Amino acid sequence: MKRKKIVAGNWKMNMTHDESINLIKELKEISSNYVDIKIAPSFTNLNKAVSLLGSSGIEVIAQNVHFEERGAFTGEISIEMLTSVGVNSVIIGHSERRKYFNENEFILSKKTKMAIDNSVNIIFCVGEELSEREKGDHFELIKNQIISGLFGLDIEQIKNVVVAYEPVWAIGTGKTAENYQIQEMHEYIRKLFNDKYGSDISQQIRILYGGSVKPKNAEEIFSLKDVDGGLIGGASLNFSDFNAIVQAANG
Ligand code: PGA
């Protein structure tokens with residue numbers, strides 16, 4: 001089955017308001033009939049990004065959301081705040097959230113539920129540390145992250161989920177995983193979905209790779225059988241790199 005590729009730019013804590021506007025104006029020129037393009041600016045730039053991108057076909061998504069509906073959670077952003085500015089997808093479980101903000105499986109599954117209950121799509125990130133891979137624990141670990149984060153969803157709800165496999169040791173390090181390491185993990189993840197939800201879902205679900213995807217390696221990574229695009233950090237911050245990566249997925 002042919003799955004449409006996704007290229008999603010995760011801007012992380014980068015880009016002022018003016019910088020965002022400049023990049024978005026350039027991004028509007030990208031043409032890509034065969035790729036779903038998404039960008040995740042910071043919260044302060046979401047509203048403007050949605051209004052600038054309008055009907056361009058580029059989706060604006062959020063980098064995070066809180067797991068409660070509303071209330072006394074100083075500094076947090078609710079799901080309703082996102083949908084009220086036209087944002088209907090969110091990244092959940094990024095390794096930086098897990099690591100620096102102590103987001104554990106319990107919190108992440110609550111976030112997943114909050115998003116899905118409000119018809120917000122999810123890019124759910126999983127990934128192992130280098131030490132876990134060296135011990136040979138990586139498959140088990142990814143399995144546990146997926147079970148606790150996603151497998152509480154039913155078969156209809158799971159259709160609103162995209163998975164991103166991002167080995168933590170490859171994020172922002174310039175070190176990409178080997179092609180065979182990427183393919184074998186993506187195949188393993190797809191099999192987990194097959195065992196839980198059946199073959200239709202496992203063939204439909206899109207699994208992105210993330211971790212130092214650049215113009216020079218994107219085409220090769222995207223050609224792997226079970227890779228359905230990428231979650232791009234550093235290289236999503238300038239037009240020429242991001243465009244080159246989108247074009248690599250377009251092919
Ligand atoms: P990177 O980040 O492309 O800078 O490695 C990827 C990510 O964290 O999603």
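1. A polar contact, as the term is used here, is a pair of N or O atoms within 3.5 Å. In this predicted model, such a pair links the ligand to Glu166, where an N or O atom of the side chain is 2.6 Å from an oxygen atom of the ligand.

2. Backbone atoms also take part in polar contacts with the ligand: a backbone N or O atom of Ser212 lies 2.8 Å from a ligand oxygen atom, and a polar backbone atom of Gly234 is 2.9 Å from an oxygen atom of the ligand. The protein buries 97% of the 280 Å² that the ligand exposes when it is taken alone.

3. The surroundings of the ligand comprise 13 residues, of which Lys12, His94, Glu166, Gly172 and Ser212 come nearest. Sorted by class, this shell holds seven polar, four nonpolar and two charged residues.

4. Turning to the helices, H5 covers residues 105-117 and H7 covers residues 138-150, and the two pack with their axes 8 Å apart at an angle of about 45°. H5 and H7 are therefore oblique to each other.

5. On the H5 side of this packing, Glu105, Ser109 and Thr112 meet Gln145, Ser148, Gly149 and Leu150 of H7. The residues of the contact between H5 and H7 divide into five polar, one nonpolar and one charged.

Terms used. Residues numbered from 1 in each chain as written. Predicted model: local features only at pLDDT ≥ 70, side-chain atom pairs only at ≥ 80, totals over all residues. Heavy atoms only, no water. Near = heavy atom within 4 Å. Polar contact = N/O pair within 3.5 Å; in protein donor to acceptor, adjacent residues only side chain to side chain. Areas by Shrake-Rupley, 256 points an atom, 1.4 Å probe, with all protein chains shown as cover. Nonpolar A, V, L, I, M, F, W, Y, C, P; charged D, E, K, R; others polar. Axes fitted to C-alpha atoms, helices over the stretch in contact; angles between N-to-C directions. Helix = DSSP H or I, 4+ residues; strand = E, 2+ residues; numbered from the N terminus. Parallel < 35°, antiparallel > 145°, perpendicular 65-115°, else oblique. Contact = heavy atoms within 4.5 Å.
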